[in-house]
Amino acid sequence: MKRSFKRTLVFLCMASLAASGLAAEIPRLVSKDGRHALMVDGAPFLMLGGQAHNSSNYPAALKPLWAAIRDAGANTVEVPVAWEQVEPTEGHFDFSFVDTLVKEARQNKVRLVLLWFGTWKNTNASYSPEWVKFNNQRFPRMLDKDGKVFYCLSPFGEETLKADRKAFVELMKHIRQIDERDRTVIMVQVENEVGTYGLVRDYGARAQAAFAQPVPASVLAHKQPPVPGAASGSWSEVYGPYAEEYFHAWAIASYIEEIAKAGRAVYDLPMYVNNALRDPLEPMAPWKNNFGSGGPTFDVIDIYKAAAPHIEFAAPDIYSPEWAKVTATLDKFQRADNPLMVPEIGNAEGYARYAWLIIGRGALGYSPFGLDYADYSNFPLGSKLKDKAMVAPFAAVYKVFAPMQRQWAKWAFEGRTYGVSESEERTPQTIEMKGWKATVSFREWQMGEKHFWPDMKDLPPGTDAPNGGAAIAQIGDSEFIIAGQHARVKISGSGPNEGKSSMYARVEEGSFDASGKWVMERNWNGDQTDYGLNLPARPVVLKVRLGTY
């Protein structure tokens, strides 16, 4: 009875605290049946994001960032916090930028994801303080096979880990101190695009000794060898030609785990790692200097799960514009044990169509890199543009999702959402749903079928490059929310409705208001539905109900 009374008292205290507005519920990730949701203020949250440029992490540089974020209609901003910035002198911390960032994020009514640029940023030590980056004796770099110093800080540097962990803990303490009530900061990325280019692993003395040791039991339990090997033993004995890459992944993941574990002990926000990708279409093969070894590439997610349990997920940074590579990457990162989030994707116009695919697949969030009016372009990875024209394609998509982001995140967590984007081949795509299937085609005129006019040469304006997509939520047995642009959607029966005649009962164009209520603008019928639902260049939202007869 005493225990029950205590639990009741704790619950009542928490309820009273929430009702008083003193503190919102801490952001967290929840999972059910292999699906995932980012809970913000106690409810699923869809992150419509934008990432700042690397050097926009200073107070005076924030003004053009906020302008771009407002134009985009984003609800979340990803911003770097650099180790060199917060601890320029060892043991003396300066979080004034973090204070400004959080304050201005609240003024702009957006959430924050902080990117910790510590030991590694794009594999390099460039964001570590000068007292770290120029002291190899205390903070050792990796060594190659010949004993030569390599550019990358070693994951076996005990002093490096100790110093990075201390700075990160101080950062998390500070965030808790200034943001525990408002929860402006909803997630933290630990390090940035870790791994090593040009060297498969560290060959320093401590690394060599660890490589000769038996593979940890947790790794054996998570990661099966791609080729036959010993059931246990050294890395080489178990994993053969993959041993060095897998060992390096384990070493880096173990290092990151120590940082994340310590940070979450003081303020338990969700944490993740991002990844500069290996080619998802290449046949699986050992590392051959074709990607950053040791980073959380799709083939070593299992090792990161084993070595870094305080990291919630590994996320892909997408800068290959080809549809086949994007979809293959999403397939490999979206797993029952690994939520899908895209924290970086190119900001060129062609990447905007992938928002329909990514959000439709139930991702936690989507965030173009460089959604920022800083005078910098990362072309050819991103757009040549640096103004409103760069932001506009993403703003068009966000305008559709923003009013319904909470509902969409809930539907995604329930497994009700689907998404497609136009491929370079412009071929139709089919979505299998509960009792229905959607066929989505592209580069169609709104009237008629292509075979009606076999000699037609004209093509719909604005379709020179692939830019179409659609996201569908099945909100009832025969009811759907359909959003998209530059696409034609036809729905027909499947499963229990296979072969049945069907037709639209209602096709309402409209939007959701701030309270989540559907507001109809008009009902589509006649020409607007006779040849499928033709989503125009301006993205629209439709509430569709079908019936059979």
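Contacts that reach far along the sequence are a good place to start: in this predicted model, among contacts between residues at least 6 apart in sequence, 73% join residues at least 24 apart. The chain that makes these contacts holds 16 helices and 23 strands. Its radius of gyration is 25 Å, close to the 24 Å that the globule rule gives for 549 residues, so the chain is as compact as a globular protein of that length. If you picture a box along the principal axes, the C-alpha atoms fill one of roughly 75 × 60 × 55 Å. Of the 549 residues, 55% count as buried.

Now let's look at a pair of helices. Helix H2 takes in residues 62-72 and helix H14 residues 388-401, and their axes lie 8 Å apart. The two pack at an angle of about 40 degrees, which falls outside the ranges for roughly parallel, perpendicular or antiparallel, and therefore H2 and H14 are oblique to each other. On the H2 side, Ala68, Asp71 and Ala72 make the contact, meeting Lys388, Val391, Phe394, Ala395 and Tyr398 of H14. Sorted by class, this contact has 6 nonpolar and 2 charged residues, with no polar ones.

From the helices, we can move on to a strand. S14 covers residues 417-421, and 5 of its 5 residues are buried. Thr417, Gly419 and Ser421 point one way from S14, while Tyr418 and Val420 point the other way. S14 also has a partner: strand S17, residues 469-476, pairs with S14 in the antiparallel sense over 5 bridges. Within this pairing, you can find Tyr418 standing opposite Ile472 of S17.

Terms used. Residues numbered from 1 in each chain as written. Predicted model: local features only at pLDDT ≥ 70, side-chain atom pairs only at ≥ 80, totals over all residues. Heavy atoms only, no water. Axes fitted to C-alpha atoms, helices over the stretch in contact; angles between N-to-C directions. Helix = DSSP H or I, 4+ residues; strand = E, 2+ residues; numbered from the N terminus. Parallel < 35°, antiparallel > 145°, perpendicular 65-115°, else oblique. Contact = heavy atoms within 4.5 Å. Nonpolar A, V, L, I, M, F, W, Y, C, P; charged D, E, K, R; others polar. Buried < 20%, exposed > 50% of the residue type's maximum accessible area, 1.4 Å probe, protein only. Pairing = 2+ DSSP bridges. Rg over C-alpha atoms; globule rule 2.2 N^0.38 Å.
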